Structures are given as C-alpha cells and as structure tokens.
Amino acid sequence: MIGGRILDTSPLVQAARGTPYMQALLYISHEHLIPLVIPAPCLADALARLDDPEQQARLFDLVRSPIAKVAQLGATEATGTGLMRAGARPARASTSSAHAAYLAADRGWPVVSARPGPIRAMHPEVEIEPLP
C-alpha cells in the first residue's frame, strides 16, 4: 500500500495562504505521487476561514489535484468519527479533528496538523506530522 497523508484544517488553510512549508509538502507530494486525503469537515472549516477569493481558489486547485481526495463523511465514517470523538478526554475535539483521526487510524497514515492535541486525545497512536 502506498502511504499518504491526512490533511486536517490547518494545512488546508496554510496551503490556501501559500505558506512555504505547505508549498514544499505539496511539491513533494506531486513529485512522488503521495496521496493527500482531505476530510470533508476539514475542507468546510478551512473554507469558512478564508475570505480572500485567491486563497479560496488555491484551495479549490488543491481539491481538484490528482493526488488529493476528499473523504466524505458518510454513515460509516460519521459513526466511527462520533465514537472516536465521544472517547476523547478532555472532550475538546471537533468533528473535523475526529474525522481526520478516524481516517488516519483506518489507513495507518499520519495527520498533518498544527493542532495535534485534540487528535492525540482521541487516538494517541495516530502519527502526527506537525506544521511549523
């Protein structure tokens, strides 16, 4: 199985804003065909934080990229995400973070995140690639 990365809300916002770290991560992912999974709630949260149409357009470009896949929140994923969130202590995790943690645990892939605390609270074994 080819390993990939799960992008939570923070790397999506940083990608849209064109930060050097995310530009490098996206370049390497394209060059080495590393899949990037975008949890649907993280995409919604990232778009809600972006007022600039150019930044929104960058995020849409990422979503349309051949290496990116938006992971839907269907009944199975919603159940697993909700149960993971219910077990978090302390209970400060968002549905977005829970969905990212659920997908990472399911695939065995790391989550790229600037806020690893809530993800670790739900699933301490999930690998985190921290954003600077």
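## Report on a predicted fold

H32 is exposed, with a relative accessible area of 57%. Exposed here requires a relative accessible area over 50%, so the 57% of H32 qualifies. The model is predicted. The text starts at this residue and its loop, then turns to the whole chain, the core, and a few further positions.

**The loop after helix 2**

H32 sits in the loop between helix 2 and strand 2. L33 lies in the loop between helix 2 (20–31) and strand 2 (36–39). L33 is also exposed, because its relative accessible area of 62% is over the 50% cut-off. Its backbone deserves a look. L33 is not a glycine, yet its phi is positive, at about 55°.

**Overall architecture**

How many helices and strands does the protein have? There are seven helices and five strands. Their order along the sequence is β-α-α-β-α-α-β-α-α-β-α-β. The radius of gyration is 14 Å, close to the 14 Å that the globule rule gives for 132 residues, so the protein is as compact as a globular protein of that length. Along the principal axes, the C-alpha trace spans about 35 × 35 × 30 Å.

Of the 132 residues, 45% are buried. Contacts reach far along the chain. Among those between residues at least 6 apart in sequence, 70% join residues at least 24 apart. The accessible surface is about 6800 Å². Carbon and sulfur atoms account for 56% of that surface. On the charge side, the protein carries 12 positive and 12 negative charges. The mean positions of these two sets are 6 Å apart.

**The nonpolar core**

The largest nonpolar core holds 39 residues. Those with the most contacts inside it are I6, L12, I38, L59, L62 and V111. Which helix gives the most to this core? Helix 6 (residues 95–107) does, with six residues.

I6 shows what such a position touches. Neighbours within four places in sequence are left aside here. I6 is then in contact with V37 and P39. A100, L103, A104 and R107 also contact I6. The list for I6 is completed by W109, P110, V111 and V112. V111 thus appears twice: as a contact of I6 and among the residues with the most contacts inside the core.

**E129 in the last strand**

E129 is found in strand 5 (residues 128–130). Is E129 buried or exposed? E129 is buried, because its relative accessible area of 17% is under the 20% cut-off. Beyond its neighbours within four places in sequence, E129 is in contact with R5, L25, P110, V111, V112 and S113. P110, V111 and V112 are contacts of both I6 and E129.

**Partly exposed helix positions**

Helix 4 (residues 53–64) contains F60. D61 is placed in helix 4 as well. F60 is partly exposed, with a relative accessible area of 37%. D61 has a relative accessibility of 45% and counts as partly exposed too. G117 belongs to helix 7 (residues 116–122). Its relative accessible area is 30%, so G117 is partly exposed, between the 20% and 50% cut-offs.

**Pairs apart in sequence**

The table sets sequence separation beside C-alpha to C-alpha distance.

| Pair | Separation in sequence | C-alpha to C-alpha distance |
|---|---|---|
| H32 and I67 | 35 residues | 9.8 Å |
| F60 and L47 | 13 residues | 9.4 Å |
| D61 and A16 | 45 residues | 9.1 Å |
| G117 and A44 | 73 residues | 21 Å |

H32, the exposed loop residue, is 9.8 Å from I67. In helix 4, F60 is 9.4 Å from L47, while D61 is 9.1 Å from A16. G117 and A44 are 21 Å apart in space.

Note on methods
Residues numbered from 1 in each chain as written. Predicted model: local features only at pLDDT ≥ 70, side-chain atom pairs only at ≥ 80, totals over all residues. Heavy atoms only, no water. Helix = DSSP H or I, 4+ residues; strand = E, 2+ residues; numbered from the N terminus. Rg over C-alpha atoms; globule rule 2.2 N^0.38 Å. Buried < 20%, exposed > 50% of the residue type's maximum accessible area, 1.4 Å probe, protein only. Contact = heavy atoms within 4.5 Å. Areas by Shrake-Rupley, 256 points an atom, 1.4 Å probe, with all protein chains shown as cover. Lys, Arg positive; Asp, Glu negative; His and termini not counted. Charge placed at Lys NZ, Arg CZ, Asp CG, Glu CD. Core = buried A, V, L, I, M, F, W, Y, C linked by side-chain atoms within 4.5 Å.
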